[in-house]
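The following exercises concern a ligand shell, a pair of helices and a loop residue. Please attempt each task before reading its solution.

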Amino acid sequence: MIRYARTSDHAAIEATLVAAFGRQDEADLVAQLRADEDCIFEMVAEEAGEVVGHILFSRLWADVFELYSALAPVAVRPDWHRQGLGSRLIRSGLESAREFGCFGILVLGDPVFYGRFGFTAEATRLVRAPYAGLAAFQALALEEDAFASAMSVTYPDAFHPKPMVPT
Ligand SMILES: CC(C)(COP(=O)(O)OP(=O)(O)OC[C@H]1O[C@@H](n2cnc3c(N)ncnc32)[C@H](O)[C@@H]1OP(=O)(O)O)[C@@H](O)C(=O)NCCC(=O)NCCS
């Protein structure tokens, strides 16, 4: 079952992220996005009452009127890999993102994997962003022409290393 995440899922989501990525960084990113209220929505994959997968869509600041979102991260617990859960999380997430009014989605990841869902690096051609030019930087238009004009995009603070505080 794919459903929206609840606060009571947070511990299981953290465990899923740490198990999937083999490190704490993505769990910390998710916690920071929540703390900063930069998360649009999160979904989980639940199997037999247990959270085994997670996806998050955060807001982006584009210099245009419409809402754009970053898909990051998506994770499935390793013992559930290659059973279609990651794909279902992404497909459900994209459907919900459209309902939330997102015009376009940006992602940083494997082009072969994200290409299955329609993401292309080509679509980012006119997007000015910190990851511009990387093959892993891909976009999907949820509304026609979402990436047809030049735009600049700023990511939430949680994606950036913390600035040094002068002492
Ligand atoms: C990426 C991830 C979410 C995919 O979850 P999953 O439930 O295994 O995905 P699916 O079962 O829907 O797999 C869909 C297809 O993508 C392929 N695939 C899975 N992970 C992939 C990856 N990292 N790179 C390229 N292809 C991948 C699978 O082989 C599968 O192909 P197949 O149907 O031909 O076997 C999961 O592997 C994961 O949690 N990885 C660690 C975290 C991560 O790297 N997240 C993505 C970056 S934010």
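Helices, of at least four residues, and strands, of at least two, are DSSP runs numbered from the N terminus. The model is predicted.

**Exercise 1.** Determine which elements supply at least two residues each of the shell around the ligand, and describe that shell by class.

*Solution.* Step one: the elements that each supply at least two residues are α1 (10-21), β4 (67-76), α3 (85-99) and α4 (111-115). Step two: β4 gives the largest share, with 5 residues. Step three: 18 residues surround the ligand, and those that come nearest are Ala20, His81, Gly86, Ser87 and Phe113. Step four: sorted by class, the shell holds 10 nonpolar, 6 polar and 2 charged residues.

**Exercise 2.** Describe how α1 and α2 are placed relative to each other.

*Solution.* Two packed helices are described by the angle and the distance between their axes. Here the axes of α1 and α2 (residues 25-35) cross at roughly 145° and come within 7 Å. From α1, the contact is made by Ile13, Glu14, Leu17, Val18 and Phe21; from α2, by Asp25, Glu26, Ala27 and Val30. By class, this contact of α1 with α2 comprises 6 nonpolar and 3 charged residues, and no polar ones.

**Exercise 3.** Locate Asp110 and decide whether Asp110 is buried, exposed or partly exposed.

*Solution.* Asp110 belongs to the loop between β5 (102-108) and α4. A buried residue has 20 or more other C-beta atoms within 10 Å of its own, and an exposed one has 12 or fewer. Asp110 has 13 C-beta neighbours inside 10 Å and therefore counts as partly exposed. Finally, the C-alpha atoms of Asp110 and Phe137 are separated by 8.8 Å, although these residues are 27 apart along the chain.

How values were computed:
Residues are numbered from 1 along each chain as its sequence is written. This is a predicted model: local features need pLDDT of at least 70, side-chain atom pairs count only at pLDDT 80 or more; totals for chains, interfaces and linings use all residues. A residue is near a molecule or strand if its C-beta atom, placed from the backbone, lies within 6 Å of it. Ala, Val, Leu, Ile, Met, Phe, Trp, Tyr, Cys and Pro count as nonpolar, Asp, Glu, Lys and Arg as charged, and the others, Gly among them, as polar. Axes are lines fitted to C-alpha atoms, for helices over the stretch in contact, and angles run from 0 to 180 degrees between N-to-C directions. Two residues are in contact if their C-beta atoms, placed from the backbone, lie within 7 Å.
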